[in-house]
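Q: I'd like to learn how to read a structure like this one, feature by feature. Can we go through it together?

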Amino acid sequence: MTIERAKLCVALDALSPDDAVAMGLSLKGAVDVMKIGLGLYARGGNDIVARFVDQGFSVFLDLKLHDIPSQVGDAVGVVAGLGVSYLTIHTSGGSEMMRYAAQARDAHGGDTPVKLLGVSVLTSLSEEHLGEVGVQVPVEETVARRVELAAHCGIDGIVCSPKELQTIRPVADQFGLIRVTPGIRPKSASVGDQQRIATPSDAIADGANVLVVGRPIKNADNPYEAAMAIRREMGLVS
């Protein structure tokens with residue numbers, strides 16, 4: 001598996017479908033991937049996916065699927081026909097669920113199958129939060145276990161905080177996993193509700209392939225210039 005070059009992804013969550021498409025069009029040339037999260041997908045459904053795909057955008061459909069294996073496999077089969085580039089599933093769903101997802105990707109993906117990204121531990125969760133739901137091992141160990149399991153199940157990439165990039169690097173390098181990191185904050189941006197964050201340059205140095213940025217771009221006075229500033233921090237432009 002070939003590791004992808006570094007890409008900047010903008011999270012268009014919490015926008016209306018029309019506003020999201022307008023924002024996407026305004027960012028052409030400054031970002032590489034458009035992320036459709038649960039909120040935007042709930043508002044726009046498959047129609048909002050089609051609108052972005054028809055405009056030639058690379059789409060990251062961030063649904064974080066987590067259900068019994070047959071249900072997840074069925075959903076992946078449907079999404080595989082939408083023309084999206086990436087789809088998230090939860091690694092905490094277990095090995096059988098992830099294998100069903102991989103089988104559906106292969107069966108329905110055609111020449112350019114969707115790339116499955118396994119969510120390790122949400123970047124909004126701290127060790128204390130994990131303890132509340134019965135996870136009694138450190139965050140880094142939890143992430144490492146789930147990444148290795150996902151790799152052996154045929155998942156294409158992993159979503160983790162930039163703080164775990166070094167921990168997962170040996171397995172990610174071995175299996176050629178795409179490394180997607182939310183929780184990216186430029187040096188001048190506020191933390192918001194993220195717990196485990198890093199700057200764009202640090203994430204790239206630690207091996208990230210796709211950096212997901214939302215509010216620092218969407219809420220900027222000039223979103224295009226904000227995105228270009230992040231690209232400079234990533235070393236993509238001078």
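A: Sure, and let's begin with a term: a residue is called buried when its relative accessible area is under 20%, exposed when it is over 50%, and partly exposed in between. Keep in mind that this is a predicted model.

Q: Which of the two residues Phe 52 and Phe 57 are buried or exposed by that rule?

A: Both Phe 52 and Phe 57 are buried. Across the protein, buried residues account for 53% of the 238 residues.

Q: How should I describe a pair of aromatic rings?

A: You give two things, the distance of the centres and the angle of the planes. Here, a search of the whole structure turns up two aromatic pairs. In one of them, the ring centres of Phe 52 and Phe 57 are 5.6 Å apart with the planes at 65 degrees, so that pair is edge-to-face.

Q: What are the values for Phe 60 and Tyr 86?

A: Their rings sit 6.0 Å centre to centre with 65 degrees between the planes, and this aromatic pair is edge-to-face. Phe 60 belongs to strand S3 (residues 58–65) and Tyr 86 to strand S4 (residues 86–90), so the pair ties together parts that are 26 residues apart in sequence. As for cover, Phe 60 is buried at a relative accessible area of 3%, and Tyr 86 is buried at 2%.

Q: Let's zoom out. How many helices and strands does the protein have?

A: There are ten helices and eight strands in the secondary structure. The radius of gyration is 17 Å, close to the 18 Å that the globule rule gives for 238 residues, so the protein is as compact as a globular protein of that length. If you want box dimensions, the C-alpha trace spans about 45 × 35 × 35 Å along its principal axes.

Q: What share of the contacts joins residues at least 24 apart?

A: Take the contacts between residues at least 6 apart in sequence: 69% of them join residues at least 24 apart.

Q: And the surface and the charges?

A: The accessible surface comes to about 10,400 Å², and carbon and sulfur atoms hold 48% of that. For charges, compare mean positions: those of the 22 positive and 28 negative charges are 4 Å apart.

Q: Where should I look for a positive phi in a residue other than glycine?

A: Try Ala 14, where phi is near 70 degrees. Ala 14 is found in the loop between strand S1 (7–11) and helix H1 (17–26), and it is exposed, with a relative accessible area of 60%. Lys 64 is another case: it is not a glycine, yet its phi is positive at about 50 degrees. Lys 64 lies in strand S3 and is partly exposed, with a relative accessible area of 25%.

Q: Last one: which residues is Val 237 in contact with, leaving aside its neighbours within four places in sequence?

A: Met 228, Arg 231 and Arg 232. Val 237 lies in the segment after helix H10 (223–234), and at 29% relative accessibility it counts as partly exposed. You can also set sequence distance beside spatial distance: Val 237 and Thr 181 are 56 residues apart in sequence and 20 Å apart in space, C-alpha to C-alpha.

Conventions
Residues are numbered from 1 along each chain as its sequence is written. This is a predicted model: local features need pLDDT of at least 70, side-chain atom pairs count only at pLDDT 80 or more; totals for chains, interfaces and linings use all residues. Side-chain values use heavy atoms; hydrogens and water are left out. Helices (H or I, at least four residues) and strands (E, at least two) are DSSP runs, numbered from the N terminus. The radius of gyration is taken over C-alpha atoms; the globule rule is 2.2 Å times the number of residues to the power 0.38. Buried means under 20% relative accessible area, exposed over 50%, partly exposed in between (1.4 Å probe, protein chains only). Contact means heavy atoms within 4.5 Å. Accessible areas come from the Shrake-Rupley method with a 1.4 Å probe; for residues, only the protein chains shown count as cover. Lys and Arg count as positive and Asp and Glu as negative; His and the chain ends are not counted. The place of a charge is taken as NZ of Lys, CZ of Arg, CG of Asp or CD of Glu. Rings of Phe, Tyr and Trp (its six-membered ring) pair if their centres lie within 6.5 Å; planes under 30 degrees apart count as stacked, over 60 as edge-to-face and the rest as tilted.
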